[in-house]
Amino acid sequence: MATTNGTAPAPTATASSSTGGHSFARRDKLLSIEKSVQQLWQEGDVYTESAPPEPWSDQKNEEKFFVTFPYPYMNGRLHLGHAFSLTKAEFQARFQRTQGKRVLWPFGFHCTGMPIAACADKLKREIVEMAAEREGAKENDCEQTNGAAAAAAAAPAPETTTDGDLTKFKGKKSKAASKAGKAKGQWEIMVSMGVPESDIPEFAEAGHWLQYFPPLAVEDLKIFGMAVDWRRSFITTDANPYYDAFIRWQFNKLKAANKIKYGKRHSIFSRIEGQPCADHDRASGEGVGPQEYTLVKMKVLEIPAGWKGAVGERSVFLVAATLRPETMYGQTNCFVKPEGDDAIYGAYLMKSDEVFICSRRSALNMAYQDIAILDDPIPPDTLPEPRCLHTMHGKELIGLKLRAPLAVYDEVYALPMTTISMDKGTGVVTSVPSDAPDDYAALKDLQDKHNMRNHFGVKDEWCDPLRFKVVPIIDIPGYGDQAAVKLYHDKKIQSQKDKVKLAEAKEEVYKKGFYEGVMLVGNHAGKKVEEAKNLVRKELIDSGDAVPYFEPEKPVMSRSGDDCVVALCDQWYLDYGEDSWRTSVESHVSSPGTFNAFNALGHFRAVLSWLCQWACSRNYGLGSFLPWDDKVVIESLSDSTIYMAYYTIAHMLHGDTSNLDGSKPSPASVKADQLTDEVFDYIFLQTDTPPQNTSIPTDKLDLMRREFAYWYPMDLRCSGKDLINNHLTMALYNHAAIWDKRPDLWPKAFFTNGHVMVDNEKMSKSVGNFLTLKQSVEEFTADATRLALADAGDALEDANFQRKVAETALLRLWNFEQFVAETVKRRDDLRSGPKTFVDEMLINELKILVNDARKSYAGLVYREALRCSFYDMQAMRDAYKTLVGNEDMHREAIQLWMEWHVLALSPICPHICEHIWTNILTKPNLIVREPWPTFSPPDPIMHRKYATLKRSLEDFRKMREKAEKTNQKSKNTEPLNKAVIYVASEYLGWQQQVLQVLQTIPLDQNSKPPPPKEYMEILKNSPALQAFEKKLLKDALSFADFQMKEVHERGPDALDLNLPFDERELLLSFKDYISSSLKVEDIEVVDSGSTHPSDSSDKRLQAVPSRPVVHFYSGAGA
C-alpha cells in the first residue's frame, strides 16, 4: 500500500511567521480564509453522504459516484507524495458533485504489517541499551575523583527525568546506533518526525502508533480541504474489532472458494534456529524481506583442465543474479571479482546435476531454495553446507569463454571488475554497457587502459571495442538507445571507481528505463520495459537459461548470530495466476464496457501475465489473524483488497474520527461479535434471507445491506503506478473471487499516476526538498498547494511539483480574490445594457473554456483542467479588459466570468472559490452544492473570429520585433510608424489541393491528427501531389505540416478551404486596438492579391486565410 518512509522532517516555522524581513500577510490572510471555509463546511455537514431510500431508478449507477484511494500507512506524517496521488481522487470527487451526483469519498488508515511493529521493537531495544549505557556512565562517575572529568565522561549518556524513570531520555545516539554509521536509530527518527522526546518511549508499544498518527493524518487532510465523509474512517488490524471481523470473513470466503492454499514460499530463514526469522527475532534487518532475482546461466564453453576432475562431464555455468532480465539482449561480457581475499568462488553442484560457479553465500541461498544440493553437516553439530566440487580465486575465471542467453554475440568473455561486492548477488555480474553505467565504466576502463589489461591478464580480443560493440536494446525518451553511455559522458565519469556519479547515473537510467523505456529487440520489441521485463524473465526460465533465485534484500542478522538466508518454507498463499481466476480478471480488465485502466491497460495485462502465488501470512507484525490459524497474521497487501466494501457500512460502525478503532459504541448499536460470516453474507453477497441467529435488528441489517447495494461497484480508485504490480491487481483478483457471480460489482476504473518530484529532484531530506502535507499547507496554503499539484502532471511518467508555481499561485489567488471584491464593490458603476461584440466574444470564450474544463476533469487530465479553469480564464479577462479599451467592462459579462471561473476552479481550489462565491458574490448556497454551469452552445464562428484575432496579434508582434531588428541593421533612423496588413480571402490553388487531401486523413477520437510520418506518406502517394514539380512538392509538404499542426492546436476547421466570416472586416473593427498594440500611427488592411507602394517584397504571398501578415514601414504622420 501507499506508505510513508517514517521519517518526516521536523515542522518548520508557523504560517504566521516572517523570514528574512518578508511579510506573509497575504498568505496568512488566505490561510485564515481557508480555516473559516473549512468551518463553514463542517457546520453544513456537506460531505456526508448516505444511500437514498429505495426504490432507486434504473440510472442508479449514473447518479452516484464512489471513489477511493489506497489508505496510507501510519508510521509517520503524510507528505507531498501522498498528496499528489490522493488529489486525483479528491479533484474527481468534487467535480462529480458538480455533475449532480451523490458522491462517496471515504478515507481509511492502514496499520497492518511489519514496519510499525519492527520500529516499536527497535525503539524498545534502543531504550534498554540507552538505560544500560546510562547506568554504566553512573558507575564510571563513582570511580572518578576529578569532578570535571566525571562530568565530561557522563556527558554523552542519556539523561533521566526527575522521576527516575529509566525509559525517559533526551536524544543521544546509543552505541548500537553509533556502530551503524550514518544509519539513524529509531529514537533519532522519532525526533526528526517532530515527536517530543518526552513522548518517544510510548512508541515502544506498537499500539501507540495506531493512536498517534491516524488522528494527525485526519488533521492534515482536513486543513488540506479534503471533501471526505469522515464518518466512514477507520484503522486496520485486530485493534479494530469491526474491521478484524470483516477481514476474517473475507479470508473464510477465499478459503472456501479454494483460492487460499498451503505450500512452500520464500522466507527469511535462520540456519541456526532452523526456522523463518521474523522481525522480532532479528538483531538487525527489521522489515527486510526476500528479494527476487533472475539467475542467468552463462555456459562455460571450454572447461579449464584443472576443473575437469571435479566437475566431470557436467555442464558448467557462471551464474549472475539480475533484477533486469529484459536487458540480457545487450550482454557484451560478464564480470568477476579479480582480486582480494574475499574473491573466492566455488563450483557448486545443483539438483539439476549442473554446476554453478558463484560465491558461497549465494550457493547457501540456492541450497535452501531447493536449487543446490545441501550436504549433511560434518561434524553433526555444525551447519549444513552446499556441495562444493571445487574452489577457485576470481582471477582464475578471467578469460573464460561463455555463451550468454539472448546475447547477440555467440561467445563472450569473463572480465575483471574491481568494484564487485561478494555480499550481494553471486559475485558474477552480467555486463550490459548500453543500460548499466557501472558495466560501461568497467568495460571502458579495460578498453582504454593497456596497463590494466596487462595487470589482470586480459587479452585485447576479449574486450575489443570493434568486436564487442555496445548493443542498443532499449530506447528511453531523452536518453536515446544507449542511456548508460550518454550518462557516463554527461556526468563526466572517469572510471569504475567514480562511485558517487555512477550511483546517480544508475538510479536515473534504471528508473527512467523501467517506466519510460521501450524495447528495441527480442520477442517484445515495441513494448514498454515495464511490460516486457517479466515476460522476458518467464521465457528465460521456461527455456532453462535461468532459474528464479531469492536472497534477503539487505543483510539480516538473527538474534542467534547468523546471517540469514532465503529458504522455501511452508506457508499459506493466495493462488493468484490460477488459470480460471486469472482469465476472469483479464476478461474484466480488457473490456472497455466494464473497466477503464486509462493509460495503464498494458501494465495491468503485463502484471496479470506473471503475478502468481502470493504468501498471505506472516509470523510477525500487526494485523488480523487467519481465522483457522491464530498463530499467523494476514500480511498487509492481503488485508487491503476489498476493504472498499467496508467503507459502505463503516459509518454505522465507527461514526466519526474519534472512533477509528471501533472502541466506542457504534452509531448503529452493533457489536463486533455480532458481525458473523452470515451477517456479512447478507450485507455484501446480498443473500436472499437475513441470518437466522443474529441479534442485530432487521432494520439495521437492511440499512447496511442497502448502503452496500447502492454504492457498489466502486466507480474509481486512484493510486500511484507502483501499486499496479501488487495491490491494484490483487484487488481485481479478490473482487472476482468474493463476487464471482456478480461481475457487475467489480471495480469500474483504476487511475494511476507517476511519482512526484519536487523542483525536478526526488523528494529527499538530504536535498532539502522533503515536504510533509502540513508543511506545504503552512508554507503555501492549501489551495496553492493543490493548484501546484494539479499543475505537476497526470501521466504515468514522474510529475514535478514546483515550489515556485505554488508561490506564484498564492499571489495569483490573492489577486483573484482582490479583483472580484473590487469589481463587486463597483458593480453599479459598470456598463450595462446592450452587449458589444467584445462582450459577446468574452462570454462565448468562457463557454468554451468551461466546456473544455469539464471534459478535462472527466478524463482526469487535471493539468489541462487547471489551464482552462484558471490560467486561460484569467488571460481571457485580461484580454477582455484590453479589448474594451476606454469603455468599461460590461456588468453581466464580468459577472458571468466571476461565477463561471470559481465554479470551474472549485474542484482544485475549493477554499478561495467558496469564499468568493459565498462571502463576496453572496450566493445563497455553498459552492460545493452548486451544479456545473449550463448555457446555450458556444458560437463556433465567433470563436474562430477570436482565435484569428488573438493569433494574428501574436504573429504581428513577432513580425514587429523582426522588422525593428532589420531597421536597426540598415541604420534607418526613421521609426516604423505605419503598417499594412495583407489578408488572403482564399488559399492558392495548390494549397487547396493539399487541404483536400488532408481532409481525407482520419483524426483520432480527440480530433488529433496521426503522426507526421503517416500523413506525409499519404500526401506523397496522392495523385494530386505526385503531379507537382519538385520545388512545389517541397512547398506543399511544408504547408501540409504547418496545417496539421494547426489541426492539432485548433481542430479540423483548420483544413476548411474558406473562412465563415470576413477576415478583413474583423481586423478593421479592431483597427485602433491593433494600432495601439503594435505602436503604429496607422494601419491599412488590404487583400493579399494587391500590392502596396511601401512594400516591394513578396511577403503578401505568405498570407493564408486566418493567418494574415503585416508589413511595417516609415511614413509621414497621419
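**Exercises: a small sheet and its helices**

Start with one residue pair: A979 has I1083 of β31 as its bridge partner. The model is predicted, with local features needing pLDDT of at least 70, side-chain atom pairs counting only at pLDDT 80 or more, and totals for chains, interfaces and linings using all residues. Numbering starts from 1 along each chain as its sequence is written, and side-chain values use heavy atoms, leaving out hydrogens and water.

**Exercise 1.** Work out which strands stand at the edges of the sheet.

*Solution.* Step one: get the order. The open sheet has 3 strands, β31-β30-β32, with mixed pairing (strands are DSSP E runs of at least two residues, helices H or I runs of at least four, numbered from the N terminus; two strands pair if DSSP finds at least two bridges between them).

Step two: count partners. β31 (1082-1087) and β32 (1109-1113) each have a single partner strand, so one side of each is left without a neighbour in the sheet.

Step three: check a pairing. β30 (residues 978-983) runs parallel to β31, over 6 bridges.

**Exercise 2.** Find which strands helix α30 touches.

*Solution.* Take α30 (residues 940-969): this helix packs on the sheet and touches β30 and β32 (contact means heavy atoms within 4.5 Å). Now the direction: α30 makes about 35° with β32 (angles run from 0 to 180 degrees between N-to-C directions, with axes fitted to C-alpha atoms, for helices over the stretch in contact).

Then compare another helix: α36 (residues 1071-1078) lies across β30, β31 and β32, at about 120° to β31.
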